[in-house]
Amino acid sequence: MATAFGLDKQALTIIPVSGPLNGRVTPPGSKSITNRALLLAALAKGTSRLTGALKSLDTKLMAGALRAMGVTVDEPDDTTFIVTSSGRLNPPAEPLFLGNAGTAMRFLSAAVTLVDGAVVVDGDAHMRKRPIGPLVEALRSLGIDATDANGYPPVTVQGNGTFGSGRVEIDGGLSSQYVSALLMAAAFGNGPIEVALTGSEIGARGYVDLTIAAMRAFGAEVEQLDAASWRVQSTGYTATDFVIEPDASAATYLWAAEALTGGNIDLGVPSDAFTQPDAKAREVIAMFPNLPAVIDGSQMQDAIPTIAVLAAFNNTPVRFVGIANLRVKECDRVNAVATELSRIRPGLGTEEGDDLIVASDPSLAGQTLPTRIETYADHRIAMSFALAGLKIHGITILDPGCVAKTYPAYWEMMQGLGVKLVD
Ligand SMILES: O=C(O)C1=C[C@@H](OP(=O)(O)O)[C@@H](O)[C@H](O)C1
Ligand SMILES: C=C(OP(=O)(O)O)C(=O)O
């Protein structure tokens with residue numbers, strides 16, 4: 001298949017648009033749901049057909065890891081995976097390499113405990129800076145032989161085919177993915193497993209709801225005991241056909257492009273059809289150019305770079321709170337967004353503790369401010385700062401190919417809306 005436009009370029013300069021962006025765009029399938037469904041299908045005996053799926057680096061890495069453990073993953077078209085499994089994962093011949101795919105890294109670190117044998121789960125240099133210690137400790141508390149490198153990948157698990165039983169506590173403050181990882185593996189306990197949160201904080205809870213919905217679709221029995229604990233019965237999973245909704249985080253770029261240019265972009269799905277946490281960003285974005293003075297990003301974390309770039313054009317400054325765990329995503333996003341906004345215009349973005357303050361300056365629109373935006377191998381930095389280029393002359397996105405993590409057709413989509421990109 002030909003590489004999508006822009007992925008092999010060193011830099012892309014966005015030519016500002018003179019009018020509203022209008023058109024129809026189908027966002028790619030949800031990364032979060034695709035990687036959950038791939039794993040659950042791999043843990044179910046039989047054949048599952050996943051439609052509306054995302055085909056991107058993160059889902060390729062997940063599919064590749066499952067293939068390495070003996071699962072058949074066919075791809076009849078650009079949005080379908082057909083997963084056929086014995087219901088067991090075999091020991092892979094080599095360490096599993098998950099790049100910088102947080103979902104794949106975290107979900108598989110728990111799931112490979114179901115392998116009868118040793119498995120090393122690893123990622124790239126960025127992933128090796130993203131903490132995984134709380135998840136590994138939780139696995140150990142279940143009696144599983146699991147180790148990490150001082151709290152970071154690689155993770156080595158000596159599995160024995162089951163997931164223990166009883167109660168496991170997990171601190172989800174740094175990542176809700178730890179909680180999702182335990183919940184999905186817990187359907188293979190020797191008996192019911194209770195997963196309980198310690199600490200008052202958890203990354204966006206909506207991701208745990210997404211996990212439970214996917215588990216139930218694959219036949220699991222999950223009961224929420226209270227605000228901080230769940231009980232999972234040892235049912236395993238049942239193969240099924242599963243429809244994946246479009247990616248809400250990807251949709252935020254379209255909603256913001258619409259707001260910024262006064263346009264109308266039809267995503268082909270009603271906004272209330274999204275069950276992902278980032279769909280909450282829609283209402284906030286619709287308030288532009290009068291965004292609230294304080295925005296709590298805790299429940300829509302991946303949308304914060306999008307809203308922060310939009311905030312640069314807002315009528316009044318915006319403080320983003322509840323975003324401490326953006327520091328342990330693909331890059332330190334609090335720092336990256338502040339640094340790159342201030343590269344456009346000094347003082348536009350600042351950090352205060354873990355908060356991000358965007359000074360806001362509606363007069364930026366129409367100005368010429370030649371700026372080369374560092375993207376830190378982070379798809380969301382590239383995609384969100386491209387929005388600034390719709391209004392400011394001279395915005396160049398370095399390493400535009402990093403969008404391939406979740407939205408390989410991002411630049412083609414922009415061109416389809418009539419945006420000119422120059423390399
Ligand atoms: O469970 C998921 O699918 C995700 C959870 C979030 O991460 P954390 O739980 O690490 O905050 C989010 O940022 C990530 O893109 C996807
Ligand atoms: C944080 C993200 O990804 P992950 O944690 O799945 O690598 C993201 O897609 O913004």
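User: Which residue in E9 is the bridge partner of Ala-149?

Analyst: Happy to start there, with the reminder that this is a predicted model. Strand E8 (residues 145-149) and E9 run antiparallel and are joined by 4 bridges. Within that pairing, the E9 partner of Ala-149 is Tyr-152.

User: Which residue in the turn of the E8 and E9 hairpin has a positive phi?

Analyst: E8 and E9 form a hairpin with 2 residues between them. One turn residue has a positive phi of about 50 degrees, and that residue is Asn-150.

User: How many bridges does strand E7 share with strand E9, and what stands opposite Val-119?

Analyst: Strand E7 (residues 116-122) pairs with strand E9 (residues 152-160) in the antiparallel sense, over 6 bridges. Opposite Val-119, in E9, stands Val-157.

User: Let's move to the ligands. How do the residues of the shell around ligand 1 divide by class?

Analyst: Around ligand 1 there are 14 residues, and the closest are Ser-32, Ser-175, Ser-176, Gly-203 and Tyr-207. Helix H3 (102-111) and helix H5 (177-185) each supply at least two residues of this shell. By class, the shell divides into 2 nonpolar, 2 charged and 10 polar.

User: Which domains each give at least three residues to the shell around ligand 1?

Analyst: Two domains contribute at that level to the ligand 1 shell. One is made of residues 11-28 + 247-422 and the other of residues 31-243, so the names you want, following the domain assignment, are domain 1 and domain 2.

User: Why is Ser-175 counted as buried?

Analyst: Ser-175 is among the closest residues to ligand 1, and its place is in the loop between strand E10 (166-171) and H5. The cut-off for buried is 20 or more other C-beta atoms within 10 Å. Ser-175 counts as buried because its number of C-beta neighbours inside 10 Å is 27.

User: How many residues of H1 are buried?

Analyst: Helix H1 (residues 31-42) has 12 residues and reaches 17 Å from its first C-alpha to its last, close to the 16 Å expected. The buried residues of H1 include Lys-31, Ser-32 and Arg-36, and these three also carry the UniProt "binding site" feature from an unreviewed entry. The helix is mostly covered, and its buried count is 12 of 12.

User: How many charged residues does the shell around ligand 2 have?

Analyst: Ligand 2 is surrounded by Asn-100, Ala-101, Gly-102, Thr-103, Asp-302, Lys-329, Glu-330, Arg-380 and Thr-406. Here too, domain 1 (11-28 + 247-422) and domain 2 (31-243) each give at least three residues to the shell. By class there is 1 nonpolar residue, there are 4 polar ones, and the charged count is 4.

User: Is Gly-102 buried or exposed?

Analyst: Gly-102 lies in helix H3 and is one of the residues surrounding ligand 2. The UniProt annotation "binding site" (unreviewed entry) covers Gly-102, along with others including Arg-130 and Lys-405. Because 23 other C-beta atoms lie within 10 Å of Gly-102, it is buried.

User: What distance separates the C-alpha atoms of Ala-308 and Val-318?

Analyst: Ala-308 has its place in helix H9 (residues 304-311). It counts as buried because it has 28 C-beta neighbours inside 10 Å. Val-318 is 10 residues apart from Ala-308 along the chain, and their C-alpha atoms are separated by 8.1 Å.

Key. Residues are numbered from 1 along each chain as its sequence is written. Chains are lettered from A and ligands numbered from 1 in the order in which they are written. This is a predicted model: local features need pLDDT of at least 70, side-chain atom pairs count only at pLDDT 80 or more; totals for chains, interfaces and linings use all residues. A residue is near a molecule or strand if its C-beta atom, placed from the backbone, lies within 6 Å of it. Ala, Val, Leu, Ile, Met, Phe, Trp, Tyr, Cys and Pro count as nonpolar, Asp, Glu, Lys and Arg as charged, and the others, Gly among them, as polar. The expected span of a helix is 1.5 Å times one less than its number of residues. Two strands pair if DSSP finds at least two bridges between them. UniProt positions are given in the numbering used here, feature names are shortened, and annotations may be inferred rather than shown by experiment.
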